[in-house]
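Thanks for coming, everyone. I would like to walk you through one structure today, taking the helices before the pocket.

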Amino acid sequence: MTTALPTEDYYNYDNYNYNYSYSDEDFVVLCENYDSNMFGATLTVTLYSLIFILSVVGNSLVLWIMLRYEKLKTITDIFIVNLAISDLLFAASLPFWAKDHVSGWVFGNAMCKLLSGVFFVGYYSGIMFLTLMTADRYFAVVHAVYAARSRKTCYAVTASLVVWAISLSASVPEFIYSTEITWDQTKFCEANYPEDSEHIW
């Protein structure tokens, strides 16, 4: 089977009408996403507000009870207190992000860096403290004899300090590179990594 190659007439643009005038019927009108965007923004603000209220009330009660009555006598107590603190850090920035979703960022560049870093410190530390508590429960139940000898509060304090150090280190890029940017006359708070090192972060 042979394929015929295009002739010179195929590429002849001499008869092309460059003066063709386009009418409105020639254009396709894209659907408007305004209603969908507003619904998403409203839903986000509602969820952020609900999470903020529940987190502040719940974790504040946990901290008050643990510090007043439990006195941090066990490993579990230490992990619960640290988890409550990380949850409060995470929730503290949610009202600002809710405002950002509705009308853009209005809190300045310094607050953009600070709140972005705090958000990720709480995010990373919360995940790691949940992991530590899961591992601690596993050893306490499955390896009860070993856990009874090795589960010391000093280990919990050391592990907690390591978690906070890792969380702060992992959040350093957010503290440094989060910045206030302007797009379509609206300001946003986003991480703006250098082009030569963007793939690293």
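Helices here are DSSP runs of H or I with at least four residues, numbered from the N terminus. With that in hand, H3 is followed by Gly-104, whose phi is positive, near 90°. Please keep in mind that this is a predicted model, in which local features need pLDDT of at least 70 and side-chain atom pairs count only at pLDDT 80 or more, while totals for chains, interfaces and linings use all residues. Residues are numbered from 1 along each chain as its sequence is written, and side-chain values use heavy atoms, with hydrogens and water left out.

Staying with helix H3, residues 94-103, its buried residues (buried being under 20% relative accessible area with a 1.4 Å probe, protein chains only) are Leu-94, Trp-97, Ala-98 and Asp-100. They cover an arc of only 160° around the axis, taken from the directions from the helix axis to the C-beta atoms, and therefore sit on the same side of H3.

Trp-97 also belongs to a cluster linked by ring pairs, together with Phe-90, Phe-96, Trp-105, Phe-107, Phe-119, Phe-120, Tyr-123 and Tyr-124. Rings of Phe, Tyr and Trp, the last by its six-membered ring, pair if their centres lie within 6.5 Å, and the whole structure has 15 such aromatic pairs.

In helix H2, residues 75-92, the buried residues include Ile-75 and Phe-79. Both are among the residues nearest the centre of the largest pocket, which is lined by 13 residues. H4 gives the largest share of that lining, four residues.

Conventions
Buried < 20%, exposed > 50% of the residue type's maximum accessible area, 1.4 Å probe, protein only. Helix = DSSP H or I, 4+ residues; strand = E, 2+ residues; numbered from the N terminus. Phe/Tyr/Trp six-rings, centres within 6.5 Å; stacked < 30°, edge-to-face > 60°. 1 Å grid on protein atoms, 1.4 Å probe; cavity = no way out; pocket = protein on both sides within 12 Å on 5 of 7 lines; lining within 4 Å.
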